[in-house]
Amino acid sequence: MIFLKKKESSKELDELKRQIEISKMAITSAQNQFEHVVDPTLIDCYIYEVNSVQKRYKFLLELVRQMEKEE
């Protein structure tokens, strides 16, 4: 039973790390789009998008740190 929990935990940790990589790409994409827009409405949109993805990234990092402490 303990082995199964560790294996499940490892899968969850791997998935979180995959989501972190996806978030990194989303941050880069949103920043690039922000740099190329001139319409004020789109500028606001990309500012919100960058902030949103950065918060998700930080949240995922914290989850990984907590899970690694528990192991």
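# Close-up views of a predicted two-helix chain

**Figure 1. Surroundings of S23 in the predicted model.** Leaving out residues up to four places away in sequence, S23 touches V53, R56, Y57 and L60. The model shown here and in the other views is predicted. S23 belongs to helix α1, which covers residues 2-36. With a relative accessible area of 2%, S23 is buried, because the limit for that class is under 20%. Two of the partners of S23, V53 and L60, are themselves among the buried residues of α2.

**Figure 2. Overview of the protein chain.** The secondary structure consists of two helices and zero strands. Of the 71 residues in the chain, 20% count as buried. The surface that the chain exposes comes to about 5800 Å², and carbon and sulfur atoms supply 58% of that area. When contacts are taken between residues at least 6 apart in sequence, 70% of them join residues at least 24 apart.

**Figure 3. The largest nonpolar core.** Six residues make up this core: L13, L16, I20, L60, V64 and M67. Helices α1 and α2 (40-70) each contribute at least two residues to this core. The core members L60, V64 and M67 also appear in the list of buried residues of α2, which further includes Y46, V50 and V53. L60 additionally touches S23 and is in contact with Q19.

**Figure 4. Q19 in helix α1.** Q19 has its place in helix α1. A relative accessibility of 16% makes Q19 count as buried, since buried means under 20%. With neighbours within four places in sequence set aside, Q19 is in contact with R56 and L60. Both R56 and L60 are also touched by S23.

**Figure 5. A30 and the residues that it touches.** A30 lies in helix α1 and counts as buried at 0% relative accessibility. Apart from residues up to four places away in sequence, A30 touches Y46, E49 and V50. Of these partners, Y46 and V50 are buried in α2. The C-alpha atoms of A30 and N51 are 9.4 Å apart in space, while the two residues are 21 apart in sequence.

**Figure 6. Salt bridge between R18 and E15.** The side chains of R18 and E15 meet in a salt bridge, with an N to O distance of 3.0 Å. The whole structure contains four salt bridges. R18 and E15 are three residues apart in helix α1, and therefore about one helical turn separates them. Because an α-helix has 3.6 residues a turn, residues three or four places apart point the same way. R18 is partly exposed, its relative accessible area being 45%. E15 is likewise partly exposed, with a value of 33%.

**Figure 7. Salt bridge between E21 and K24.** In this view the side chains of E21 and K24 form a salt bridge at 3.2 Å, N to O. The two residues lie in helix α1 at a spacing of three residues, so they are separated by about one helical turn. E21 counts as partly exposed at 41% relative accessibility, and K24 is partly exposed with a relative accessible area of 36%.

**Figure 8. Salt bridge between R65 and E62.** The side chains of R65 and E62 meet in a salt bridge whose N to O distance is 3.8 Å. The distance qualifies because a salt bridge is accepted within 4 Å. Both residues are in helix α2, three residues apart, or about one turn of the helix. R65 has a relative accessible area of 46% and is partly exposed. E62, at 37% relative accessibility, also counts as partly exposed.

**Figure 9. Helix α2 and its start.** A side-chain oxygen of D39 reaches to within 2.9 Å of the backbone nitrogen of T41 at the start of α2. The helix has 31 residues, so at 1.5 Å a residue it should span 45 Å. The end C-alpha atoms of α2 are 46 Å apart, which agrees with that expectation. Along this helix, Y46, V50, V53, L60, V64 and M67 are buried, whereas R65 and E62 are partly exposed.

Notes:
Residues numbered from 1 in each chain as written. Predicted model: local features only at pLDDT ≥ 70, side-chain atom pairs only at ≥ 80, totals over all residues. Heavy atoms only, no water. Helix = DSSP H or I, 4+ residues; strand = E, 2+ residues; numbered from the N terminus. Buried < 20%, exposed > 50% of the residue type's maximum accessible area, 1.4 Å probe, protein only. Contact = heavy atoms within 4.5 Å. Core = buried A, V, L, I, M, F, W, Y, C linked by side-chain atoms within 4.5 Å. Expected span 1.5 Å × (residues − 1). Polar contact = N/O pair within 3.5 Å; in protein donor to acceptor, adjacent residues only side chain to side chain. Areas by Shrake-Rupley, 256 points an atom, 1.4 Å probe, with all protein chains shown as cover.
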